[in-house]
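Me: I would like a close look at one part of this protein, the nonpolar core, and at what lies around it. Please take it step by step and keep it plain.

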Amino acid sequence: MDVLPIGVQDLPPLHGCSLESAEDSVRQVHGLVDSLRQEGIPADRIYVGGFQQGGALALLAGLTYQQRLAGCIVFSGLLLGADRVGTLAGPAARGLRVFWGHGLHDGVFDVSLQDEGCNAVKEFGLDIQLPAARSTAVQAQPPLLRRFEHRPEGHRVPERHATESARV
């Protein structure tokens, strides 16, 4: 891409991104989720999330994981493969909760990519939550994000995994 921000009109349907490359990265995310599950954390208690490209990977990872995850949080991302979400997403993706925030003045991904992705996942049947109003900056809205909280008392992410996930 020579001109930023990338919008829905730029090189559809993948907007200059490589789905194959993203799928390689998603396998790494799935491996981290598998590690958490091996330590006794059920898949339906695990969230994946990210910002921009990380948000795109998190959304794709949540849609393609073999078990339903607790949810996915995307900030200023896009849905890779929005035109084929029905074939990419596995049966476990139904019911995946998604929070997707996007600033109006994102310099990399135009807000039109959020609209495209949201329409695709809504048609697929996901429970997608958007901030009540778009703003000039991505802002986590505590009341909306609290709906994603349901950790049992004393539950924490093992330190090793918190560090690993920051590198993916």
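Reply: What follows starts with the chain as a whole, goes on to the core, and then turns to a pocket and to the segment before helix 1.

The model is predicted. The chain contains six helices and four strands, and from the N terminus these elements follow the order α-β-α-β-α-β-α-β-α-α. Of its 168 residues, 46% count as buried. Among contacts with a separation of 6 or more, 74% join residues 24 or more positions apart.

Now the core. In soluble globular proteins, nonpolar side chains tend to be buried together. In this model the largest nonpolar core has 42 residues. The residues with the most contacts inside this core are Leu59, Leu63, Leu69, Cys72, Leu79, Val98 and Trp100. Two or more residues come from each of helix 1, helix 2, strand 2 (71-75), helix 3 (85-88), strand 3 (97-101) and helix 4 (112-124). Helix 2 gives the largest share, seven residues.

Leucine 79 can serve as an example from that list. Apart from neighbours within four places in sequence, leucine 79 is in contact with Leu59, Leu63, Val85, Trp100, Gly117, Ala120 and Val121. Leu59, Leu63 and Trp100 also appear among the residues with the most contacts inside the core.

Trp100 takes part in a polar contact as well. Its backbone oxygen is reached at 2.9 Å by the side chain of glutamine 114, a residue of helix 4. Glutamine 114 counts as buried because its relative accessibility is 2%, and the cut-off for buried is under 20%.

Next, the pocket. The second largest pocket holds about 180 Å³ of space. Its lining consists of Cys17, Ser18, Ser21, Ala22, Ser25, Gln53, Ala56, Leu57, Leu78, Leu80 and Phe109. By type, seven of these residues are nonpolar, four are polar and none is charged. Helix 1 (19-38) and helix 2 (53-64) each provide at least two of the lining residues.

Leucine 57 is one of the lining residues and is found in helix 2. Outside its neighbours within four places in sequence, leucine 57 is in contact with Ala22, Ser25 and Val26. Of these, Ala22 and Ser25 also belong to the pocket lining. Leucine 57 and glutamate 23 are 34 residues apart in sequence, with 8.1 Å between their C-alpha atoms.

Last comes the backbone ahead of helix 1. Most residues other than glycine have a negative phi, and most peptide bonds are trans. The peptide bond from proline 12 to proline 13 is cis, with omega near 5 degrees. Proline 13 is part of the segment before helix 1. Leucine 11, in the segment before helix 1, is not a glycine but has a positive phi of about 45 degrees. Histidine 15 also has its place in the segment before helix 1; its phi is positive, about 55 degrees, although histidine 15 is not a glycine.

Leucine 11 and histidine 15 fall into opposite accessibility classes. The relative accessible area of leucine 11 is 53%, so leucine 11 is exposed, the cut-off being over 50%. Histidine 15 has 1% relative accessibility and therefore counts as buried.

Notes: Residues numbered from 1 in each chain as written. Predicted model: local features only at pLDDT ≥ 70, side-chain atom pairs only at ≥ 80, totals over all residues. Heavy atoms only, no water. 1 Å grid on protein atoms, 1.4 Å probe; cavity = no way out; pocket = protein on both sides within 12 Å on 5 of 7 lines; lining within 4 Å. Points joined across faces, edges and corners; volume = space filled by probe spheres on them. Nonpolar A, V, L, I, M, F, W, Y, C, P; charged D, E, K, R; others polar. Core = buried A, V, L, I, M, F, W, Y, C linked by side-chain atoms within 4.5 Å. Buried < 20%, exposed > 50% of the residue type's maximum accessible area, 1.4 Å probe, protein only. Contact = heavy atoms within 4.5 Å. Polar contact = N/O pair within 3.5 Å; in protein donor to acceptor, adjacent residues only side chain to side chain.
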